[in-house]
Amino acid sequence: QVQLVESGGGTVQAGGSLRLSCAASAHMYKNNCLGWFRQAPGKEREGVATINTGGGITHYNDSVKGRFTLSQDNEKNMVYLQMNNLKPEDSAIYYCAAKDPWATWRDYGLDTCRPDSDEYDYWGQGTQVTVSS
């Protein structure tokens, strides 16, 4: 069963923009930590941004702060990552991930979700983002 599906990746020139989407099941979406992570070839997986859908609090990696914006749509059970002023170092496969909702309540309640990939239980298939110089 596919519970998280990313889309919106592609190829863009440096300075351009892309908008990634993550569709989640209703159970996984509500009152939960959802995050965007990325992994480039030969590099470790890196947290990009997180959102607690129960309270709307977001967290951003310093490398993308001011350029990326994570938002939520509760009616569609979707989260989005608007990526502006893209840089070549942003090139990676981007993954949407979710914690177990009970774990989110236990660990955070409505507070900020940490971008630690080890805390996330469910992962999408990934979408490729390539930024050319």
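This section describes a four-stranded sheet, the surroundings of one threonine and the disulfides of a predicted model.

In the predicted model, 4 strands form an open sheet in the order E1-E3-E8-E7, with antiparallel pairing. The edges are taken by strand E1 (4–7) and strand E7 (68–73). Each of these has a single partner strand, so one side of E1 and one side of E7 are left without a neighbour in the sheet. On average, and with direction ignored, neighbouring strands of this sheet are turned by 15 degrees against each other. At the E1 edge, the pairing of E1 with strand E3 (residues 18–24) is antiparallel and runs over 4 bridges. Within this arrangement, Ser-7 has Ser-21 of E3 as its bridge partner.

Ser-7 is also among the residues touched by Thr-127, a residue of strand E11 (residues 127–132). Thr-127 has a relative accessibility of 10% and therefore counts as buried, the cut-off being under 20%. Apart from residues up to four places away in sequence, the contacts of Thr-127 comprise Glu-6, Ser-7, Gly-8, Gly-9, Leu-20, Ala-92, Ile-93 and Tyr-94. For Gly-9, a polar atom of the Thr-127 side chain lies 3.1 Å from the backbone nitrogen.

The structure contains 2 disulfides. In general terms, a disulfide is a covalent bond between the sulfur atoms of two cysteines. One of the links joins Cys-22 to Cys-96, with an S to S distance of 2.0 Å. This link is left-handed, with -80 degrees about the S-S bond. Cys-22 belongs to strand E3 and Cys-96 to strand E9 (residues 92–98), so the pair ties together parts that are 74 residues apart in sequence. Strand E3 thus carries Cys-22 and also pairs with E1 in the sheet. Cys-22 counts as buried at 0% relative accessibility, and Cys-96 is likewise buried, with a relative accessible area of 0%.

A disulfide is also formed by Cys-33 and Cys-113, whose sulfur atoms are 1.9 Å apart. The torsion about the S-S bond of Cys-33 and Cys-113 is about -85 degrees, so this disulfide is left-handed. The pair links distant parts of the chain, 80 residues apart. Cys-33 is located in strand E4 (residues 33–39), whereas Cys-113 is located in the loop between helix H2 (101–107) and strand E10 (122–123). Both Cys-33 and Cys-113 are buried. With bonded cysteines counted along the chain, the disulfides of the protein follow the pattern 1-3, 2-4.

Note on methods. Residues are numbered from 1 along each chain as its sequence is written. This is a predicted model: local features need pLDDT of at least 70, side-chain atom pairs count only at pLDDT 80 or more; totals for chains, interfaces and linings use all residues. Side-chain values use heavy atoms; hydrogens and water are left out. Two strands pair if DSSP finds at least two bridges between them. Helices (H or I, at least four residues) and strands (E, at least two) are DSSP runs, numbered from the N terminus. Axes are lines fitted to C-alpha atoms, for helices over the stretch in contact, and angles run from 0 to 180 degrees between N-to-C directions. Buried means under 20% relative accessible area, exposed over 50%, partly exposed in between (1.4 Å probe, protein chains only). A polar contact is a pair of N or O atoms within 3.5 Å; within protein, one must be able to donate a hydrogen and the other to accept it, and residues adjacent in sequence count only if both atoms are side-chain atoms. Contact means heavy atoms within 4.5 Å. A disulfide is a pair of cysteine sulfur atoms within 2.5 Å.
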